[in-house]
Structures are given as structure tokens and as C-alpha cells.
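I am keeping these notes while I look through a structure, beginning with its interior and moving on to its sheet.

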Amino acid sequence: MAPASPQRPVIVHPTDFAPGDAAAMAHAVAMALASKSILRLLLVRVDNQSFYSPTQGLRQVRDLLVGWGVLGPDAAYDRWEKDLDLQVSSVSVAARNARAGILEYLEDAFCNLVVLANYPNKALTRWTDASVHTSLLRKGRMMSLFLREGRRGFVDPKTGAIGLKRILMPIASGLDSVPAIRRIQAMLALIDSGAEIRLMHVGKRPPALVDENDVTLDMPILLRDGAVVETILAAADELQVDAIAMPTAGRHGLLDAVRGSASAQVLEDARWPLLAVPVG
């Protein structure tokens with residue numbers, strides 16, 4: 001049975017609390033604060049790591065909020081919900097590897113968005129180092145935001161300001177991208193962002209965008225020719241976007257963004273945050 005959806009949106013941030021996670025942590029906290037979401041910090045314990053404290057990670061969140069000037073330096077953890085309408089919790093699961101732990105947690109926990117740090121030369125290994133049953137992979141149908149360590153994001157880590165002004169979204173023929181567009185629009189509304197979604201298609205003719213009511217979406221589509229990944233990255237640079245949103249249509253949901261797909265190649269090469277958005 002699928003878990004019940006809470007009234008508030010839920011953002012999950014898998015983290016090891018390492019310095020390389022700082023940008024992803026800032027994005028998760030800032031987006032949760034702006035959208036009045038529930039923020040859950042997820043620690044996967046592997047290699048017989050048995051120690052875990054329920055307050056682990058809360059200090060990092062508190063330090064961010066204090067640094068951003070939205071929380072007093074002496075405020076207790078229980079003041080977050082009252083003063084900021086922000087719910088934060090830290091949870092931990094034991095698993096044989098990070099990927100298995102995250103996916104198994106997401107099978108039983110409702111989530112709108114997962115925010116992950118992507119370490120150069122590490123992320124793909126960490127995500128594909130062991131087998132996970134396909135029934136778990138199909139559960140990962142939430143949006144996933146990947147932040148590359150050392151690359152720019154759209155949240156100012158010093159102020160918490162969200163500077164998301166333009167998103168590039170490549171769309172493909174034979175793929176119903178409308179649900180993915182709707183998901184992004186809903187996310188932008190939650191964080192009170194007026195960001196522009198720029199659609200592009202690599203090919204000669206743009207795909208039709210028809211919603212569930214047979215109404216065609218009135219959104220311009222930029223047409224380009226060339227190798228798919230290189231053309232997407234070139235357009236992102238030309239348009240000066242703040243993020244790239246890639247619709248994912250494979251059966252494996254979350255993992256479509258990190259292996260064997262155009263999304264995986266964009267994630268590996270891009271200088272921008274990648275938002276993987278399921279079309280189903």
C-alpha cells in the first residue's frame with residue numbers, strides 16, 4: 001500500500017553531512033523554507049556504522065538559518081515550526097549502500113522532491129554499485145534535484161535567496177512532457193518563483209504539447225540541430241539558465257537521471273543543477 005500523502009509538500013535530502021554536501025543542503029533548506037515544506041534529512045548507514053543521533057544534521061540546518069538572518073542565534077530547534085512554519089527532522093536507515101538505502105526509504109515515505117549532492121567521479125559509482133530490486137526502482141517517481149559539488153546553484157549559500165529565473169527543459173518527440181511541465185510549474189509556485197521555463201527540442205519539428213483535456217499548451221519551443229547532449233548544454237549556456245530540467249520516462253524513475261540516458265550525460269557534464277522530472 002502506498003504511503004498517505006501529507007498536506008505539506010515533503011523534501012528529502014540524503015546527506016552524509018560532509019563539506020561537499022553544503023550546496024545541496026542549502027538548496028534543500030531554502031526550498032523547504034520558501035514552500036513551507038517538511039524537510040527530512042536522510043542518513044544511510046553502511047559498513048556497520050551504528051551510531052546515529054536524531055539531532056544529527058539539525059545543527060547544520062540551524063546554522064544556515066541563523067546565518068541567513070531568519071532565526072535568532074539562541075533559538076532552540078523547536079522554534080523552527082512556530083517562528084518559520086518549517087518542519088525539519090533527521091532520519092536514518094541501515095542499508096548495504098547509499099542507493100539501496102535511499103530507494104528503500106522512498107518506497108515507504110511520501111516525497112515530492114529529493115535533493116542530492118553529485119560528487120565528481122563518485123556519484124555514478126555510489127548510485128550503481130549494487131543491485132536493487134526493480135519493484136523498488138519503479139517507486140522513485142518524484143522529482144530529483146542534483147547539485148554538482150563545486151558548481152553554481154540557484155540558492156545563495158550566504159543569504160538563502162533563491163535566484164531561479166530561467167529553466168531550460170528539453171523535450172522529445174514521442175514523449176508526453178506535459179505532466180513534467182506541470183510538476184515544474186507546481187514546484188515554482190510553491191517556492192514563489194516566477195522563473196521562466198524555456199522549452200527546446202533537438203530536431204526539425206517540435207512535438208505537440210497537448211494536456212489531458214486535449215488543449216494545446218501555448219508555450220514556444222526552441223528548435224536546434226545537433227548531437228543531443230552537446231546541443232542542450234550549448235543552449236543552456238547561450239540562454240544563461242539557472243537549471244536544466246530533464247523529463248525522465250524510463251521505468252526506473254530516479255535512476256534514469258544517473259545511468260544510461262541523456263539525463264545521465266547532462267548530469268555528468270553540465271555546469272548547472274539538474275532537475276529530473278518524471279513524465280508519468
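I looked up which residues line the largest cavity of this predicted model, and I noted Leu145, Phe154, Leu164, Ile167, Met187, Ala243, Ala245 and Leu275. Sorting this lining by residue class, I wrote down eight nonpolar residues, with no polar and no charged ones. The space inside the largest cavity comes to about 40 Å³, and when I checked how many cavities reach 30 Å³ or more, the count was one. I add a reminder to myself that rolling a probe the size of a water molecule over the atoms shows where empty space is left.

Next I turned to the sheet, which is open and has 10 strands in the order 3-2-1-4-5-10-9-6-7-8, with mixed pairing. Which strands stand at the edges? I found strand 3 (87-94) and strand 8 (221-224) there, and because each has a single partner strand, one side of each is left without a neighbour in the sheet. From one strand to the next, the twist averages 25°.

I then followed strand 3 to strand 2 (residues 38-45), and I noted that the two pair in the parallel sense over eight bridges. Within this part of the sheet, I looked up arginine 45 and saw that it stands opposite alanine 94 in strand 3.

My last entry concerns helix 4 (residues 98-108), which lies across strand 1 (10-14), strand 2, strand 3 and strand 4 (113-118). For its direction I wrote down that helix 4 runs at about 140° to strand 2.

Notes: Residues numbered from 1 in each chain as written. Predicted model: local features only at pLDDT ≥ 70, side-chain atom pairs only at ≥ 80, totals over all residues. Heavy atoms only, no water. Pairing = 2+ DSSP bridges. Helix = DSSP H or I, 4+ residues; strand = E, 2+ residues; numbered from the N terminus. Axes fitted to C-alpha atoms, helices over the stretch in contact; angles between N-to-C directions. Contact = heavy atoms within 4.5 Å. 1 Å grid on protein atoms, 1.4 Å probe; cavity = no way out; pocket = protein on both sides within 12 Å on 5 of 7 lines; lining within 4 Å. Points joined across faces, edges and corners; volume = space filled by probe spheres on them. Nonpolar A, V, L, I, M, F, W, Y, C, P; charged D, E, K, R; others polar.
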